[in-house]
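Let's walk through this structure together, one question at a time. Have the sequence and the 3D view at hand as you read.

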Amino acid sequence: MDRRKFLGVGLAAFAALVAPVAELNAIDFRATKPKAWEAEKSAEAIKEMFGTAGLKKTDKIKFTAPKLAENGGSIPINIKSDLDLELIAVFQDANPRSLTAVFTVPKNGIVNYDFRIKMRQTAFVTVVAKARDGVLYSMAQEIDVSIGGCGG
Amino acid sequence: MAKMKIKAKAKGDIVKVKAMFTSLMADTEEAEKKKIKVEYITQIVAKHNGNVVFEVSTSGFMAENPLFKFQFKGGKKGEKIEFTTTDNNGKIETGKKKIK
């Protein structure tokens with residue numbers, strides 16, 4: 001058994017262990033979509049996560065990130081929207097694996113998230129959001145990284 | 001070991017929360033380079049009155065000591081918000097804070 005597979009099995013086993021204790025609303029995407037976390041390119045990861053359905057462009061979701069990041073180890077990103085969203089996933093092409101974070105928006109939740117990511121080189125960051133009616137939205141922005149993070 | 005810093009402030013109906021978690025967020029490649037253990041948070045869940053108000057699954061590409069800011073409706077001063085984090089090794093940490 002190679003190492004990558006072994007890790008996957010370990011995670012699955014762990015998820016099975018934790019599942020009975022976990023809260024009803026909590027979804028562990030590592031267990032339900034293990035392949036999405038392993039994909040190298042954003043396009044593949046998005047396919048694994050959301051299927052092959054078409055992505056819509058929208059301006060109703062605001063995705064704010066610096067155009068030029070001096071420190072790739074900590075890039076602030078803000079996602080804001082008034083739409084009734086269910087899932088928000090963040091992908092980037094700078095690191096060995098694409099998927100960075102998946103937010104599960106609770107019902108009647110406010111979509112206004114701030115967080116920070118690592119990028120080792122200049123690349124596109126893609127945000128894909130799934131509305132509660134099943135429509136997929138996507139936005140992308142290129143971020144220039146002058147000093148790579150991620151131990152680079 | 002891991003610590004959490006949580007700040008929650010109620011303004012009208014909306015509670016603004018800032019939370020910082022201590023984790024190196026080192027994925028395989030980074031851990032090899034720095035010769036440390038692979039360690040990163042995979043899931044963070046925040047609950048208020050038993051309801052999940054914030055939930056995120058993360059990978060090792062979040063910045064070190066991840067900081068999250070979010071808002072939710074329906075919280076009141078004096079009530080508690082609870083955080084649970086799980087890391088890739090299966091370690092679970094919890095933290096509580098009163099809403100100010």
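The questions below go from the overall make-up of this predicted model to its chain contacts and then to single residues.

Q: How many helices and strands does chain A have, and what pattern do they follow?
A: Chain A has 152 residues, of which 35% are buried. Its secondary structure comes to 4 helices and 9 strands. Read along the sequence, the pattern is α-α-α-α-β-β-β-β-β-β-β-β-β.

Q: Over which residues of chain A is the pLDDT below 50?
A: As this is a predicted model, the confidence is a good thing to check. The mean pLDDT of chain A is 75, and 76% of its residues reach 70 or more. One stretch has 2 contacts in the model beyond near neighbours in sequence, and there the pLDDT is below 50: residues 17–24.

Q: Which element gives the largest share of the side of chain B that touches chain A?
A: Where the chains meet, 27 residues of chain B are in contact with 32 residues of chain A. The elements of chain B that give two or more residues to its side are helix H1 (28–34), strand S3 (41–48), strand S4 (51–58) and strand S5 (67–73). By class, this side of chain B has 12 nonpolar, 7 polar and 8 charged residues. The largest share, 7 residues, comes from S5(B).

Q: Which residue stands opposite A:Val102 in S4(B)?
A: Strand S6 of chain A, residues 99–104, is joined to S4(B) by 4 bridges. The two strands run antiparallel. Opposite A:Val102 in S4(B) stands B:Ser57.

Q: In the largest nonpolar core, which residues touch the most other members?
A: This core holds 57 residues. Strand S5 of chain A, residues 85–92, gives the most to the core, with 5 residues. The residues that touch the most other members are A:Ile88, A:Ala89 and A:Ile117.

Q: Which residues does A:Ala89 touch, not counting those up to four places away in sequence?
A: A:Ala89 is among the residues that touch the most other members of the largest nonpolar core. One of its contacts, A:Met49, is a buried residue of helix H4 of chain A. The full list is A:Met49, A:Leu99, A:Val102 and A:Val128.

Q: Why do the buried residues of H4(A) line one face of the helix, and within what arc do they fall?
A: The buried residues of helix H4 (residues 42–50) of chain A are A:Ser42, A:Ala45, A:Ile46 and A:Met49. An α-helix has 3.6 residues a turn, so residues three or four places apart point the same way. The buried residues of H4(A) pack against helix H3 (34–38), S5, S6 and strand S8 (123–131) of chain A. Seen down the axis of H4(A), they line one face of the helix because they fall within an arc of 100°.

Q: Is B:Asn49 buried or exposed?
A: B:Asn49 is found in the loop between S3 and S4 of chain B. Its phi is near 50°, a positive value in a residue other than glycine. A residue counts as exposed if 12 or fewer other C-beta atoms lie within 10 Å of its own. B:Asn49 has 12 such neighbours, so this residue is exposed.

Q: What is the phi of the glycine in the hairpin of S6(B) and S7(B)?
A: Strand S6 of chain B is joined to strand S7 (residues 92–98) by 7 bridges, and the two run antiparallel. Within this pair, B:Glu82 has B:Lys96 as its bridge partner in S7(B). The hairpin has 4 residues between the strands, and the phi of B:Gly90 is positive, near 90°.

Q: How many residues of strand S6 of chain B are buried?
A: S6(B) pairs with S3(B) in the antiparallel sense over 7 bridges. There, B:His48 stands opposite B:Ile81. Strand S6(B), residues 80–87, is largely enclosed by the rest of the structure, because the buried residues among its 8 number 6.

Q: How far apart in space are B:Phe83 and B:Ala19, C-alpha to C-alpha?
A: B:Phe83 lies in strand S6 of chain B and is buried, with 20 other C-beta atoms within 10 Å. Its contacts beyond four places in sequence include B:Met4, B:Ile6 and B:Ala19. B:Phe83 and B:Ala19 are 64 residues apart in sequence, and their distance in space is 9.0 Å.

Key
Residues are numbered from 1 along each chain as its sequence is written. Chains are lettered from A and ligands numbered from 1 in the order in which they are written. This is a predicted model: local features need pLDDT of at least 70, side-chain atom pairs count only at pLDDT 80 or more; totals for chains, interfaces and linings use all residues. Two residues are in contact if their C-beta atoms, placed from the backbone, lie within 7 Å. Ala, Val, Leu, Ile, Met, Phe, Trp, Tyr, Cys and Pro count as nonpolar, Asp, Glu, Lys and Arg as charged, and the others, Gly among them, as polar. Two strands pair if DSSP finds at least two bridges between them. pLDDT is the predictor's confidence in each residue, from 0 to 100. A nonpolar core is a set of buried Ala, Val, Leu, Ile, Met, Phe, Trp, Tyr and Cys residues joined through C-beta atoms within 7 Å. The arc is that of the directions from the helix axis to the C-beta atoms.
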